[in-house]
Amino acid sequence: MGNPYACAIDWDSVGWTKTNIDSAIYVWNPDENQFASYVNGIGTFNGSRFIASGQSFWVHAFDAPALTATESVKTDAAALLLNAQFASEATPVIKLNLQLNNLKDEIVVRFKNGATAQMDRGMDALKMKSTSPQVPFMYSELNGEKYSINSLP
């Protein structure tokens, strides 16, 4: 997908209609040579709810997906400064970083009310592997799924 607007858009805005699409988004971070992920108030590699103008982003879809947005998803640049990496509630979080030479990978495991030991489409982000084979690769695995953000009860 791509942000077609001349301003940032807010993935957490109520202006989206997400049919058969997980709540996580993924943005390529060229500085880290990795995908940044974001879901439900938390991200890896500075993943955020805000998608810059012209920025491409990935989503995980299933069945017959559809994604539509209204003008209310637009946000101004000042909103980018308000981006908090962690949810406002007190959520225990474990953030793991793996570094090999100057290349790294990052995952998050958090313990959140309402999370389950299954894929929670509104709280988990699947792991997307870097396109570079030199970049280290780690993930949290549960029931055969690999996660960059794994929310557990």
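The salt bridges of this predicted model are described below, together with the burial of the residues involved. Seven salt bridges are present in the structure.

In one of these, the side chains of Asp-22 and Arg-121 pair with an N to O distance of 2.5 Å. The two residues lie 99 residues apart and link distant parts of the chain: Asp-22 sits in the loop between β2 (16–21) and β3 (25–29), and Arg-121 in the loop between β10 (103–111) and β11 (125–126). Asp-22 is buried, because its relative accessibility of 0% falls under 20%. Arg-121, at 36% relative accessibility, is partly exposed.

Strand β10 contributes acidic partners to further salt bridges, through Glu-106 and Asp-105. Glu-106 pairs with Lys-95, with 3.8 Å between the closest N and O atoms. This bridge also links distant parts of the chain, with Lys-95 in strand β9 (residues 93–100) and Glu-106 in strand β10, 11 residues apart. Lys-95 has a relative accessible area of 30% and is partly exposed, whereas Glu-106 is buried at 9%.

Asp-105 is bridged by Lys-127, the closest N and O atoms being 2.6 Å apart. Lys-127 belongs to the loop between β11 and β12 (140–142), and 22 residues separate it from Asp-105 in strand β10; distant parts of the chain are again linked. Both partners are buried: Lys-127 has a relative accessibility of 14%, and Asp-105 a relative accessibility of 0%. Elsewhere, Asp-10, Asp-12 and Arg-49 are joined into one network by salt bridges that share partners.

Notes. Residues numbered from 1 in each chain as written. Predicted model: local features only at pLDDT ≥ 70, side-chain atom pairs only at ≥ 80, totals over all residues. Heavy atoms only, no water. Salt bridge = Lys/Arg side-chain N within 4 Å of Asp/Glu carboxyl O. Helix = DSSP H or I, 4+ residues; strand = E, 2+ residues; numbered from the N terminus. Buried < 20%, exposed > 50% of the residue type's maximum accessible area, 1.4 Å probe, protein only.
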